[in-house]
Every structure is written in structure tokens, then in C-alpha cells.
Amino acid sequence: MGDEYILRIEHVTKDFPGVRALDDVSFSVRRGEIHGLCGENGAGKSTLMKILAGVYPHGTYEGNVFLDGEEIRFEQGAIRQAIEKGIAIVYQELALVPKMTVGENIFLGREPRTPAGTIDWDRLYADTKALLEEFGLDIHFSAKVEDLSVGKQQMVEIARALSENAKVLILDEPTSALSDAEVETLMRILRTLKERGVTCIFITHRLNEFFKITDSITVLRDGKVIDTLKTSETNVEHLISLMVGREMKERFPSRNVIPGEEIFSVEGWTVEDPERPGKVVIHDVSFSLHKGEVLGIAGLMGSGRTELVMSLFGEYGRVVRGRVFLEGRELFIRSAQDAISQGISLVPEDRKKQGLILRQTILQNMALPNMEMFSGFGYIDKNKELKLCTEYSTRLTVKTPSLHAPVDTLSGGNQQKVVISKWLMKEPKVLILDDPTRGIDVGAKYEIYKLINQLVASGVSVILISSELEEVMGMSDRILVMCEGHATGILEREEFDQERIMSLATKLFH
């Protein structure tokens, strides 16, 4: 294959008990290219990346991996060895120490030393400052990581990988928590690295991003390579058909439900930041929701979308003023328990931190907020619990061999279905979905879209927040646009237009 290929993967097969995660995988990556890797959750992407990063050592898989013409055989626990060889990886789940500074995190474990053997703090921070400036990252070198936004934390993780002088940089869902401006910064960094000869493997569920930055794309399905093709010779629809093994003519399923009467309304909702008294984060927001309607909420990161719905759910900030009505009755919500008891459920933005107890089973997670349905007179009716949880897991097509499996063994899409299942058991009148398809693959997204359609057909009203503008437009009957805590417009379906929404999301109209 010649020296033009920096990375060659040949006939790699990896088995776990009862599952073949990778099946005779072979493809090559050219030196200095940005190579996309796509596939549904469970396709084998993460397993392959862990082999390249030394998490799974040689001997636990079959096949060969070559870097710069040399076969690499990492030993057990040799993640550092992979970095020294020139392979750096940035995982979707951040691995930073929150209480430490940006500089301490970037050079953790390889801090520069003085002749006396102590940490050379001046050099550490000077090197950090130079690295951040080199790549145009607007982050202070001595800031504590816990004080940064999730997007900036992701940039720190990327900066740490860049500090390793990697030959191959692997990015696993690097944009899932980034704002549009931060995504553009990342794209600029990748182009700079490409010019310097660094090779990048770029993994994302946001398929449009492949066409902004990659040179070629390899598609995995069920652990097998389906195809490797030049980005310029394919399109989103073709990628989807390769990923799911069938043609998907529509990104969003059609819905023929006509919304009914107004069921839920918010008037003059104004909320202060819980940590900074006096700082208003939601300014005089008003909107209504009809029975069987999907109301989308669009806006850039920091626009106040999540703060709005979390405060309505009783779990964020101090409500300065405002009124909420459900079916004509004013609600007084001071906690999530109040909201739930009055017919409002919320699927949170971060399913792993806020929506699930990862070490518990699927059954335990689904049953936990619904114990009053199964308990009485001091005991839990286990048969009733299992029956109802089985009914909802079947209804939402949760793919698992058993409800007694730990929820952290599921793919992202199936974890999200578990979160939705437990709140549907409450039979809510209003269901709030905060970025419900974040970090899940296109097939699982489509199943969640169909579920939303089924819910509104049954009379449930849905508030849908999404970071993907196409998703908000494809699934909503109306869209509320937010900017810096203000509602800047409500658009009817016939008014949907990307430029118009972005204009409302970036400007305030007084």
C-alpha cells in the first residue's frame, strides 16, 4: 500500500462474550487526511478506537494494525505506549479533573520539572498559554476546569491531545457539546493540523459534519466494514442507507396529527440564576402549547433553552415572576415532584448524569420514579413491576437480552429509550424532551421520532429542544426561538426557514 498510508488496519476481529464486536475489519488511512468513521451505535466504532488507543491490548483481538509501516502491539495497560507511538484519542465522555486548572489537566502526568525535581509551574503555564494561543482557543490557562462550560472543557481535552504531538488524532463525537462557534473553531484547528501533516479520525453522529471537514469516510455496520469512499463522491442519504442497511427516504417520519385546544401556557416567565442572585437568565418568556402538538425550542448554546424548561419543571433557579397554566388551572411548581404529580415529565439533556443510575439495572431505572404503582402495605409487587416495565420496554423497542442487565451496557439510543419509558409510565399530559437524540445514531433517532409522533397522536403535548436545527424544523408544529434568555419569536410551520431562525437566535428584537 506504500508510505502514503500512515495507518493500516488488517483483518481485525474482536469478540466479547456472546458478541462479535468487530468482524474482519480492514481499511487504511492516508497520511495527513481527515478520515470519517460512521455507523450506528453498536457498529464497532468505539471498540476499534480502543484497540488503536491501547485500551484493548494485542492478544485480545485477531488481526494486525500498522502505524507508519510498523506493526503496533500494545501490551496490557499500555495506553501510555499508544500515546508515545503517536496515537492520541479524545473520548466523548470527558476525562478531566474538575478541581484542577486547565494547565494542570493538559500536562497531567508529564509535568515539566525543575533541576531540583519539583514541578516547574512557570514553564507549565507558559507552555499551556502558548498551546492555547497557537490554536486560537479562548480559554485562560489557569482557569479551573469546573468553572468552564462543557464546550470549553471539550476544547481543553482536545488541547491535551494536541500537546502530545500526535501523528494520529482520534476524535470521538467531539462536537456533541459544542456551540456552533466552537464547532467552527474545531474545524479550523483540524484544517491547521491537516496542513501540518497530522492525520485525524473523526467520529460523529452529525452526518453533515463529515461533508464540512473529512476527505474520506469508512462506514461500519454490525462490526463489518461496509464501504470506504471519498467524501466528495457521496451524500448524507447514501451514508444513512449504508449505515442502516436499507434506504431511508425520509429523515423525519410524516405526521398527520392536527393539534387541538390550548392545554398548557406560560406567561411572563422570569428566572434568576441560582448561583448569582439578581442575575436574570430567563426574561419575560411567554408561550402556549396545544394538545397533540410538538413545540420546538431553538437557540444557540447559552440561549436559555434548558434553563427555561428546568425552571418550569421546578429544578432550576428562582422564579422572580410568571404564571403557568395546565388545562386552565394555574400550577405552583417548586420541585420536580410537584411537576410530575401535576402531569409534566422531563427527559433531561444529560441522560447519564441526570436521567439514569448507570450501575442499576434497566428494570430498576424504569421502576424507580414509579414505585407507587407497584408498592403498598410495606412491600413491592415484583410481578406487577416486571410486567409494566416489560410492557414499556417492548413498546419502545429497548434492545436488551434482559431487563436485569445494567443500564450502562446499553447503547446511547437504548439508554435514552429507558429514560423516556420511565416518564411515559407517569402518563404525562406534557412531555419535555431536552436534546433527546444527542449522541445517538441515525437509526435510533428515527425510532425516537416515530415515538414522538405516536405520543402526540395519543394526545400528549411535547416540548422539544434540539441542538440540531434540522431536527427542530423536521419534528415541530411551531418553533419558539430563544436568544440570551429572551423569546425572540414563535414561528408557524409555514414560516420555518433556517436563515430566519438563525437570525432570531443571534439577535434581540426589543
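In this tour, two residues are in contact when heavy atoms of one lie within 4.5 Å of heavy atoms of the other. Keep that in mind as you click through this predicted model.

**Stop 1: Glu272**

Select Glu272, which sits in strand E11, residues 262-272. Now show its neighbours. Leaving out residues up to four places away in sequence, Glu272 touches Pro277, Gly278, Lys279, Val280 and Val281. Its contacts also include Tyr316, Gly317, Arg318 and Val320. Zoom in on Gly278: the Glu272 side chain reaches the backbone nitrogen of Gly278 at 3.3 Å.

Is Glu272 buried or exposed? Its relative accessibility is 12%, so Glu272 counts as buried, the cut-off being under 20%.

**Stop 2: the three domains**

Zoom out and colour the protein chain by domain. Domain 1 covers 5-244, domain 2 is made of 250-343 + 428-509, and domain 3 spans 351-427. Give domain 2 one colour for both of its segments.

How far apart are the centres of domain 1 and domain 2? Taken over C-alpha atoms, the separation is 34 Å.

**Stop 3: where domain 1 meets domain 2**

Select the residues on each side of this interface. Here 17 residues of domain 1 are in contact with 15 residues of domain 2.

The size of an interface is often given as the accessible area lost when the parts come together. For domain 1 and domain 2, the buried area is about 1,200 Å², with 55% of it on carbon and sulfur atoms.

How many salt bridges cross between domain 1 and domain 2? The rule finds zero. As for polar contacts, one residue pair is counted between these two domains, with both residues at pLDDT 80 or more.

Next, highlight helix H6 (180-195) and helix H8 (236-244), the elements that give two or more residues to the side of domain 1 that touches domain 2. H8 gives the most to that side, with four residues. Try colouring this side of domain 1 by class: you should find six nonpolar, seven polar and four charged residues.

**Stop 4: two backbone curiosities**

Finish in domain 1. Select His11 in strand E1, residues 5-16. His11 is not a glycine, yet its phi is positive, at about 55 degrees.

Then move to Asp24 in strand E2, residues 19-30. Asp24 is not a glycine either, and it has a positive phi of about 55 degrees. Turn on the surface here: with a relative accessible area of 42%, Asp24 is partly exposed.

Technical notes
Residues numbered from 1 in each chain as written. Predicted model: local features only at pLDDT ≥ 70, side-chain atom pairs only at ≥ 80, totals over all residues. Heavy atoms only, no water. Domains from an automatic or database assignment. Buried area = accessible area lost by both parts, 1.4 Å probe. Salt bridge = Lys/Arg side-chain N within 4 Å of Asp/Glu carboxyl O. Polar contact = N/O pair within 3.5 Å; in protein donor to acceptor, adjacent residues only side chain to side chain. Nonpolar A, V, L, I, M, F, W, Y, C, P; charged D, E, K, R; others polar. Buried < 20%, exposed > 50% of the residue type's maximum accessible area, 1.4 Å probe, protein only.
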